[in-house]
Each structure stands twice: as structure tokens, then as C-alpha cells.
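Student: I would like to go through this structure with you. Please give the reasons behind each term as we use it.

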Protein chains: 2
Amino acid sequence: MQSAAGVARYHAAMLPNPAPDVLISEVGPRDGLQSVSTTMATADKCRWIDALVAAGLREIEVASFVPARLLPQMADAAEVVRHALTLAAQRPGLTIMALVPNARGAEAAFSAGVHKITVPFSASEAHSLANVRKTRAQMLDELRNVAALRRDTAPGTALEVGLSTAFGCTLQGPVSEDDVIRLALDCVAAGVDEVGLSDTTGMANPSQVRRLFTRLRSELGDRAGAAHLHNTRGLGLANCLAAYEAGVRSFDSSLAGLGGCPYAPGASGNVVTEDLVFMFEAMGVRTGVDMERLLAARAPLQAGLPREPLHGMTPLAGLPKGWSPSTNTEIPVSP
Amino acid sequence: MQSAAGVARYHAAMLPNPAPDVLISEVGPRDGLQSVSTTMATADKCRWIDALVAAGLREIEVASFVPARLLPQMADAAEVVRHALTLAAQRPGLTIMALVPNARGAEAAFSAGVHKITVPFSASEAHSLANVRKTRAQMLDELRNVAALRRDTAPGTALEVGLSTAFGCTLQGPVSEDDVIRLALDCVAAGVDEVGLSDTTGMANPSQVRRLFTRLRSELGDRAGAAHLHNTRGLGLANCLAAYEAGVRSFDSSLAGLGGCPYAPGASGNVVTEDLVFMFEAMGVRTGVDMERLLAARAPLQAGLPREPLHGMTPLAGLPKGWSPSTNTEIPVSP
């Protein structure tokens, strides 16, 4: 006799393109490229984004709308968004995102036509002052301006906040979990659609991730957003697993682990997309991403940044013998 | 009001040296050193083991009793064991282990006076033939010989089996979970004290780890042994977390990730002890290991193997600001 869940999975497998169980949000073209000193040529960025889309990624953060004098790597943001939108026009499920630090950036991103913007908001006062020279209260005002602008000029565009340093801060040390939850509620009150949590500094551990995301989901309901976790101390995938077990279904990661403020040479910051997708697919949790094509997307990245080291263990080891995304789907982990 | 668990933790914290929540079994001096082509000098091995003991590790696999012509790196096994036993004489809680592939090796290990031996046993028939030129049935006979020898000559010595390729095999592909459990029961029937599971090939995923260890514990009770997991595809810590959640409390790992058959340059095989201890301590799961001294134990390893690359993310990033092993002990993850 087959269980109800088994029957549901059988029917899902019959669909031509079943919805994935988790959303992998690729942040490499924004988070990765703004972290390296070399500027990737626009044509190379576009070729890389083409390969990411071909691999089946359904959400890609392609640019950051910030002054070019601050981040020359992102000077071509509007042009990159324009290219990405032509891809999305052929794929209704594909979301093109950009990061904006303030209302001015949001205006530019809305003009460019992105589907979704994400605003970084420091949970730590010290990090907020150091990073955007604003207190958290001032940042909340800015967020209200962004939300008003969205309502008036781009009501169809999604607005997400990523609460950075949510798991600890290199400047102030531990960050109060009450503060994180209160700020998340403030962001929702300011008009934000979704609030995610970011382990900007690589200080999170699985217990804390489970605890804080459980609380976030309980307080925010379906406005609880993505887990943006780092691999700074090697805990990236363990933390993603803990977030998954807490019910999170949206994960930020970066191809080849590019970006995410690595502390030292050889260290990877962001969770590596290849390893994350491999973990989920091996567990029977569908990502909608094709592993082989994902590995192939490293080539245009490396071509555009020939001197940048690429991270990731699965690409080094290759896929295991006899492996297929469905090999281990029998009993997916329970949420 | 304080919970019962809170009171128990309070009292545990009052003890001068509370028992750790998990046992970290350091396999570097055996698994690591037999995987590198250079032979570390005996004096260097002893200095490294001194540092591991000083860091608080309570179980160390210090050598392999195999013919010196096959593994010249382990030719000094008896001498290294003798040194390690002098350390253990001053520390009643310290277990000195060695690997033995057969009865002849067991005889040598018992003579040397180790506290515990571990016998590798391939769950995959193809791997067994390739690795020890024995079928699994022949290996089971050998195990009975080892158990008889232990009973007759060294009844105080613990006897463990590590079921290698338990999560998949590079030669035959997937390994039947029924086979793994049946072999584990056969090993217990042959007289073994504990049977652990090894992800020799780095093919395990968290769902599978949870499922197989849950089943092992259900079938073997307190004869279910350690999780020996690899980081080949970056899932090492996520798999350790899954094993912990399935109730496993004993974990093999290797300082600097030395050893464990890496597939490619730059790839780490074994789970990195530094990252594993950091994860557990950050979660409030006590390992009994001092992080600072553990990081310091890399120096004698590097001194003894100057050209060998050391792995590990926590050593690169350092401990986070404001971090202490008890920072996050409030709500340990439930088993």
C-alpha cells in the first residue's frame, strides 16, 4: 500500500515540470561579483546568467543599484537587468532580482524593470552605522520611502529585506534574537513583502538557525523569507539543513561560493550553490536545478574572471557513481 | 522557573570536568597519516598526539597494525602506541585506538596494549574484494578470529567495526541499506562490541544518514557505534548534524581534514575536527575539547608534514568575536 505522501509524489512526478520543493536564489552575479576586485565585462556577465538560467535556477540576483563610484563592478546594472529580462520573457517562472541600499537605488531598479528588489538591513546597530552610515531607525525610515515608491511607481515589484548580521556581528559580537524579530516585524509594518535572515559574518550555528527561523516563521507567517547563510566556518550546509528543518524553503547561495566577504584567502563566504543543490537533490528535495548544467555554469564564470579561485567540493569530486537526483527520494527528510 | 533540563545543566556545569555530550574520536594520526605519501617521523607523531591530548580529545586512533611493506607510514605503530599509553596513564578517560585489518594485526595491537581496536569491513562486496581481497563472508570469518583472539588474550580491549562504503560505493554504486543492517547484526553476532557506519566515498546525504543510523540504533541498541563521515562533496558537517539528530553521540574526524581518500587536489576527505568541534560547541553540545588548543594542535602537524596542505574553515576564519563555548548553550538541539 502506498502512503498518501507517496501518491502525491507519484502524481507530482507525472507533471511535465513539477514545482520544486525549495527555491534556490542565486546571488553570485550580485553578491559574488561585487566582492571581487576585478570587474567582469557585461557580455561575460550575460553569458554567465544565460548558463545559470539554462541550469534551471528560478531566481537570480543579477545586479546592485548603487553609485558606480562606490561599486564600479555594478556600473552596468541596468544593462545586465535588461538582458536578464529578455530571458525571463521566455520563462514565466524566472524572477530577476536586484539589491538596492536606499530609495534612490530602488528608483533605478524599478526603472530597469526588475521583478523583485532586496534591501539589506543590519540587525546590529554597529554594523548598520559602519555599512550604510545610518542607525537602524534611520534605515527604517529609508525602507518606508522605498515601500512608498514601490506602491506609487512599481506596485507589481516584490520587496524583500535581508536582515544582515542576524546571527552575530564582527563589530558588536552577539546580536539579540529579540532585536532581530522586532526589526523583522518593523520591516513588515513598513510595507515589506518578505524578511529573510542573513548570516553575514559566518557566525551562525544549526541550533541558532533553527531557533531563529522557527521564531521568524511563527511571528511573520508567510512573510518570513529566505535563509542567506555563509560557509565562513564550514557550517554553511549544516545551517541550510537546520533552516530547511525549521520550514524554510528559500535559500540564497552563490555559484562557486563567490563573494560573501571571505575572511582569508582560500576561504569561501557564501554557501556554494553546487554543494547546496547536490545536498538537496541527494536528499530527494527537488530544487528544479539540473546538476550537470549547474556544474557547466562554472565555465562562463571562470572565463569572465580568469584569476578568481572557484570554490565548491562537489565540482572537485564530481557526481557519485550511480547518482541521479531521484536516487534517494524514497523518504525525504520531514520538515 | 528553571526547567529540569536547565537544572541538570546547571549541576553538570558545577562539576570540575563534566562528561561531554558527544565523543569526538580523532582519526588523523592513523587515517590521515596513512593517506599521505610522506612518512611522518615518530617523534613528530608523538608531539602531534601530545597536542591532541592537551586539547582534550578523549579518543585517538594513533596507528594501523598492517605490514610495513604495505604502509611504511605505520611501521612505528607499536612505538607510537607506547607513547600514547604513557599519556593515557595520566588521564583515565583517554582511549588509545588502532586500526587492524585482520587477526594478525589484532595480535600485534593487543601486544602493544591498545585500549580499543577498530576493524574496517566493507558493506559493498566489490569494495571488500578490491580493498582486502576477501568476500564479505570471508571477512566475517576473519572477524570471528579477531573476536576469539580478543576473548582469549585481551578481554579488556574494546572491539569496534566500521562498516565502510555504508552509504554508497565508487565501484558498485548504491549499497543496499538492508545489506548494511544485516552485516551490522552479523558483526555483533561475531562478538563485536560496537558497529559504526563509514561514508568512505563521500556519497552520504543527511536524509540517508538519519535513516540508516536510526535503523542501526533501533536494531543494535547500544552496540550502534560511531559516525565516520566524509566531506568529499561538502556535506560532512550537515551529515554529522543529521547523525546527531538521529541520536549518534560518537563522531570520527581528522585534524585539518587530513586523509579520507580525497578525490582531487584541494579536496578534503575526512570531516575536519576543528569545524566539527566548533559546530557542536557553538550549538551548546559539549565536546570536552578546547577550541584554542585544538587550533594550536595544527602547528605540530604542519611541522611534521611541512608540504601537506591543511584543510578547515574555522582555522582560516578564526573564532567569532564574543564567541565562547557556552555562548549558545541556552537551547541545545533536541535529539
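The dialogue below takes up confidence, symmetry, the interface, burial, strands and loops in turn.

Student: What kind of model is this, and how are its parts labelled?
Tutor: This is a predicted model, in which local features need pLDDT of at least 70 and side-chain atom pairs count only at pLDDT 80 or more, while totals for chains, interfaces and linings use all residues. Residues are numbered from 1 along each chain as its sequence is written, and chains are lettered from A and ligands numbered from 1 in the order in which they are written.

Student: How do you know what confidence chain A has?
Tutor: By pLDDT, the predictor's confidence in each residue, from 0 to 100. Chain A has a mean of 90, and 89% of its residues reach 70 or more. The model as a whole scores ipTM 0.91 and pTM 0.92.

Student: Where in chain A is the pLDDT under 50?
Tutor: Residues 1-16 of chain A stay under 50, and there the model has three contacts beyond four places in sequence. Two residues are in contact if their C-beta atoms, placed from the backbone, lie within 7 Å. Residues 327-335 of chain A are also below 50, but that stretch has 23 contacts beyond near neighbours in sequence.

Student: What makes the relation between chain A and chain B that of a two-fold axis?
Tutor: Copies are superposed by least squares on the C-alpha atoms of residues with pLDDT of at least 70 in both. A turn of 180° with a shift of 0.0 Å along the axis lays chain A on chain B with an RMSD of 0.0 Å. That is the relation of a two-fold axis. In chain A, the C-alpha nearest the axis belongs to A:A238, 1.9 Å away from it.

Student: How do you know that the copies meet through the same surface?
Tutor: Of the interface residues of chain A, 100% are also interface residues in chain B, so the surface is the same. The contact involves 45 residues of chain A and 45 residues of chain B. On the chain A side, α9 (206-220), α10 (236-245), α11 (273-283) and α14 (314-317) each supply at least two residues. Helices (H or I, at least four residues) and strands (E, at least two) are DSSP runs, numbered from the N terminus.

Student: Which classes of residue make up the side of chain A that touches chain B?
Tutor: There are 23 nonpolar, 17 polar and five charged residues. Ala, Val, Leu, Ile, Met, Phe, Trp, Tyr, Cys and Pro count as nonpolar, Asp, Glu, Lys and Arg as charged, and the others, Gly among them, as polar.

Student: Why is helix α10 of chain B called largely enclosed?
Tutor: A residue is buried if 20 or more other C-beta atoms lie within 10 Å of its own, exposed if 12 or fewer, and partly exposed in between, with C-beta atoms placed from the backbone. Ten of the ten residues of α10 (residues 236-245) of chain B are buried, so the rest of the structure largely encloses this helix. After α10(B) comes B:G247, whose phi is positive, near 105°.

Student: Why is A:S35 called partly exposed, and A:T165 buried?
Tutor: A:S35 has 18 other C-beta atoms within 10 Å, so it is partly exposed. A:T165 counts as buried because it has 27 C-beta neighbours inside 10 Å. A:S35 is in the loop between α2 (28-32) and α3 (42-54) of chain A, and A:T165 is in the loop between β5 (158-164) and α8 (177-189) of chain A.

Student: What is the phi of A:T165?
Tutor: Phi of A:T165 is near 50°, a positive value in a residue other than glycine. A:A256, also not a glycine, has a positive phi near 65°. A:A256 is buried because 23 C-beta neighbours lie inside 10 Å.

Student: How do you know that strand β1 of chain B pairs with β8?
Tutor: Two strands pair if DSSP finds at least two bridges between them. Four bridges join β1 (residues 23-26) to β8 (residues 250-253) of chain B, and the two run parallel. Two bridges join β1(B) to β2 (residues 59-64) of chain B, also in parallel. B:S25 has B:D252 as its bridge partner in β8(B) and stands opposite B:E59 in β2(B).
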